[in-house]
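These are my notebook entries on a structure that was new to me. I wrote down what I looked up, one topic at a time.

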Amino acid sequence: MSRIGMQPITIPSGVEVTLDGAHVTVKGPKGTLEHEAPETITITREGDDLFVARPDDARQNRALHGLTRSLVANMVQGVTEGYSRDLEIVGVGYRAIAQGPSKLELQLGFSHSVHFEAPDGITFDVPQATRITVRGFDKQLVGQVAANIRKIRKPEPYKGKGIRYADERVLRKAGKSAK
């Protein structure tokens, strides 16, 4: 049995969950998220709890059981608390400048500054010139936007310059050795 898939999802107050067959809509104070569950997986509501079930122990159904439960639980958490991802900028002269809540200007050693605009539902916070916080209510979108920002200038292994996640450890390489 799936340890994750069998756990109930508690619906907090202020969150409205609508089940329409395999379509799940979660509405909360931060926004609205929708998900289309696989046809074999059933989602039922009992009081303030959601339960995810699978028809049999086929390999595909076992895989989708825990996944579907996690995705719906992330939706419920996202519309109540939201998600954030922190990025660090390392390098002399590298910095980020916020231009409103959904625009960034990044100076990363290129001949020009890079402008990055957030999709709907995502906001940026720049507490320092070398820190960026990506916030939103959709976990997948927050992670993808953070990955797209990191992709602009990945951390390089010799000096460690670039954009990295706040909890990321960059493995450093030794430079050339003299003879």
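**Entry 1: a pair of strands and a salt bridge**

I began with Arg135, which is partly exposed, with a relative accessible area of 38%. I kept in mind from the start that this is a predicted model. I then looked for a partner and found that Arg135 forms a salt bridge with Asp125, the closest N and O atoms being 3.7 Å apart. Asp125 lies in strand 11 (residues 122-125) and Arg135 in strand 12, so this pair ties together parts that are 10 residues apart in sequence. Asp125 counts as partly exposed too, at 34% relative accessibility.

**Entry 2: other salt bridges**

How many salt bridges does the structure hold? I noted 5 salt bridges for the structure, and I followed up on two others.

In one of them, the side chains of Arg131 and Glu88 meet at 3.2 Å, N to O. Arg131 is in strand 12 (residues 131-136) and Glu88 is in strand 7 (residues 83-90), so the pair ties together parts that are 43 residues apart in sequence. I looked up the accessibility of each partner, and Arg131 counts as partly exposed at 30%, while Glu88 counts as partly exposed at 21%.

In another, the side chains of Asp57 and Arg54 meet at 2.9 Å, N to O. Here I recorded that Asp57 is exposed, with a relative accessible area of 51%, whereas Arg54 counts as buried at 15% relative accessibility.

**Entry 3: helix 1**

I wanted to check the length of helix 1 against what its residue count leads one to expect. At 1.5 Å a residue, its 22 residues should span 32 Å, and the end C-alpha atoms are 33 Å apart, which agrees.

Which residues of helix 1 are buried? I listed Asn61, Leu64, His65, Gly66, Thr68, Arg69, Val72, Ala73, Met75, Val76, Gly78 and Val79. I then asked what these buried residues pack against, and the elements I found are strand 1 (9-10), strand 3, strand 4, strand 5 (42-46), strand 6 (49-53) and strand 7.

Ala63 is also found in helix 1, but Ala63 is exposed, with a relative accessible area of 51%. I measured nothing myself here, but I did note the computed separation of Ala63 and Val90, which are 27 residues apart in sequence and 39 Å apart in space, C-alpha to C-alpha. Just after helix 1, I marked Gly82, which takes a positive phi of about 90°.

**Entry 4: the largest pocket**

Next I turned to open space in the model. Rolling a probe the size of a water molecule over the atoms shows where empty space is left. About 190 Å³ of space lies in the largest pocket.

Which residues line the largest pocket? I wrote down Leu33, Glu34, His35, Leu71, Asn74, Met75, Phe137, Asp138, Lys139 and Gln140. By kind, the lining divides into 4 nonpolar, 3 polar and 3 charged residues. I also looked up where the lining comes from, and strand 4 (32-36), helix 1 (59-80) and helix 2 (139-152) each supply at least two of its residues. I put a mark beside Met75, which is listed among the buried residues of helix 1 and also in the lining of the largest pocket.

**Entry 5: two buried charged residues**

Is Arg150, whose place is in helix 2, buried or exposed? I found that Arg150 is buried, with a relative accessible area of 18%, under the 20% cut-off. Leaving out residues up to four places away in sequence, Arg150 touches Pro155, Ile163, Arg164, Tyr165 and Glu168.

Glu105 lies in strand 9 (residues 103-107), and Glu105 is buried as well, with a relative accessible area of 13%. With the same sequence neighbours left out, I listed the contacts of Glu105 as Arg95, Ala96, Ile97, Gln99, Ser113, Val114 and His115. Glu105 and Ala174 are 69 residues apart in sequence and 32 Å apart in space, C-alpha to C-alpha.

**Entry 6: a glycine in a loop**

Last, I looked up Gly21, which is found in the loop between strand 2 (16-20) and strand 3 (23-27). Gly21 is exposed, with a relative accessible area of 63%. I closed with its separation from Ala37: Gly21 and Ala37 are 16 residues apart in sequence and 8.8 Å apart in space, C-alpha to C-alpha.

Definitions and conventions
Residues are numbered from 1 along each chain as its sequence is written. This is a predicted model: local features need pLDDT of at least 70, side-chain atom pairs count only at pLDDT 80 or more; totals for chains, interfaces and linings use all residues. Side-chain values use heavy atoms; hydrogens and water are left out. Helices (H or I, at least four residues) and strands (E, at least two) are DSSP runs, numbered from the N terminus. Buried means under 20% relative accessible area, exposed over 50%, partly exposed in between (1.4 Å probe, protein chains only). On a 1 Å grid over the protein atoms alone, a cavity is a set of points where a 1.4 Å probe fits but cannot get out, and a pocket is an open set with protein on both sides within 12 Å along at least five of seven lines; lining residues have an atom within 4 Å of a point. Grid points are joined across faces, edges and corners, and a volume is the space filled by probe spheres set on the points. Ala, Val, Leu, Ile, Met, Phe, Trp, Tyr, Cys and Pro count as nonpolar, Asp, Glu, Lys and Arg as charged, and the others, Gly among them, as polar. A salt bridge is a side-chain nitrogen of Lys or Arg within 4 Å of a carboxyl oxygen of Asp or Glu. The expected span of a helix is 1.5 Å times one less than its number of residues. Contact means heavy atoms within 4.5 Å.
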